[in-house]
Amino acid sequence: MNHPGGLAGSQGIGFDYVLGSGGLYVQSESAHLTARILAAPAQMRGLAPVSEKLALTHGPIPAHVFELGLGWMLSDPGTERFFAVRWDGDGYRLVVPPQQGTGSSLSYQPPTGVITEFHSHASHRAFFSATDDRDEQGFRIYGVVGRLDNPTPELALRLGIYGHFAPLRWRQVFTGPNPGLRLVNEEPEPASTNPLINPSMRR
């Protein structure tokens, strides 16, 4: 619990719930990510505020790494595909595991130690389905690419903390320009209105 005098309570294994004046938050930290998101909003009298945050330990992912994966998806736009990004000690690297996809289904061997996962919806729109919600139960950044048959494909991004999710913007994850994608639900907004944009925030 986040009291005006500071945090009180014991830390858990894997993740923690933090109760603050704005509600219940879930937070976790790994060698690659530190994050906290609002799980259940509420007005809690007598407690101090808690802020959402996202920090990539090794800095934002270069846009060209994502573009390599996007190019691989675009080479077969009618088939669902998957790629991930891993930190190998010197830089971010693309990971493409063994997989089988059709125009409406995808099976793959889940890679370990990755920071982000992306899958495509072929010609369909970019959205997180109920199947995605069930499958994406780890602590990492997730993305869906859709409308691959369109001159402007779509991308939806979110942060996942063991089944709790929060939408993300391009600049929170990547360094470099957006490679011509339409970011789902992303509209221009003042920086101060987005609680997750400051990677230097700490508890």
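**Strands and cores in a predicted model**

Author: In this predicted model, strand β4 (residues 23-29) is mostly covered, with 5 of its 7 residues buried.

Reader: What makes β3 and β4 count as paired strands?

Author: Pairing requires at least two bridges, and strand β3 (residues 16-20) is joined to β4 by 5 bridges in an antiparallel arrangement, so the two strands pair. One of the bridge partners in β4 is Tyr25, which sits opposite Val18, and the two strands are linked as a hairpin through 2 residues.

Reader: How do you know that β4 also pairs with β5?

Author: The same cut-off of at least two bridges applies, and β4 and β5 have 7 bridges in the antiparallel sense, therefore they pair as well. Gln27 has Arg36 of β5 as its bridge partner, and 3 residues lie between the two strands of this hairpin.

Reader: Why is Glu117 called buried?

Author: Glu117, which lies in strand β12 (residues 114-120), has a relative accessibility of 9%; because buried means under 20%, Glu117 counts as buried. Leaving aside neighbours within four places in sequence, Glu117 is in contact with residues including Phe82, Tyr108, Arg140 and Tyr142.

Reader: Which residues touch the most other members of the largest nonpolar core?

Author: Among its 32 residues, these are Phe66, Phe118 and Leu155. Elements giving two or more residues to this core include β5, β8, β12 and β14, while the largest share, 5 residues, comes from α1. Apart from this core lies another, of 5 residues, among them Ala126, Tyr142, Val144 and Ala156.

Conventions. Residues are numbered from 1 along each chain as its sequence is written. This is a predicted model: local features need pLDDT of at least 70, side-chain atom pairs count only at pLDDT 80 or more; totals for chains, interfaces and linings use all residues. Side-chain values use heavy atoms; hydrogens and water are left out. Helices (H or I, at least four residues) and strands (E, at least two) are DSSP runs, numbered from the N terminus. Buried means under 20% relative accessible area, exposed over 50%, partly exposed in between (1.4 Å probe, protein chains only). Contact means heavy atoms within 4.5 Å. A nonpolar core is a set of buried Ala, Val, Leu, Ile, Met, Phe, Trp, Tyr and Cys residues joined through side-chain atoms within 4.5 Å.
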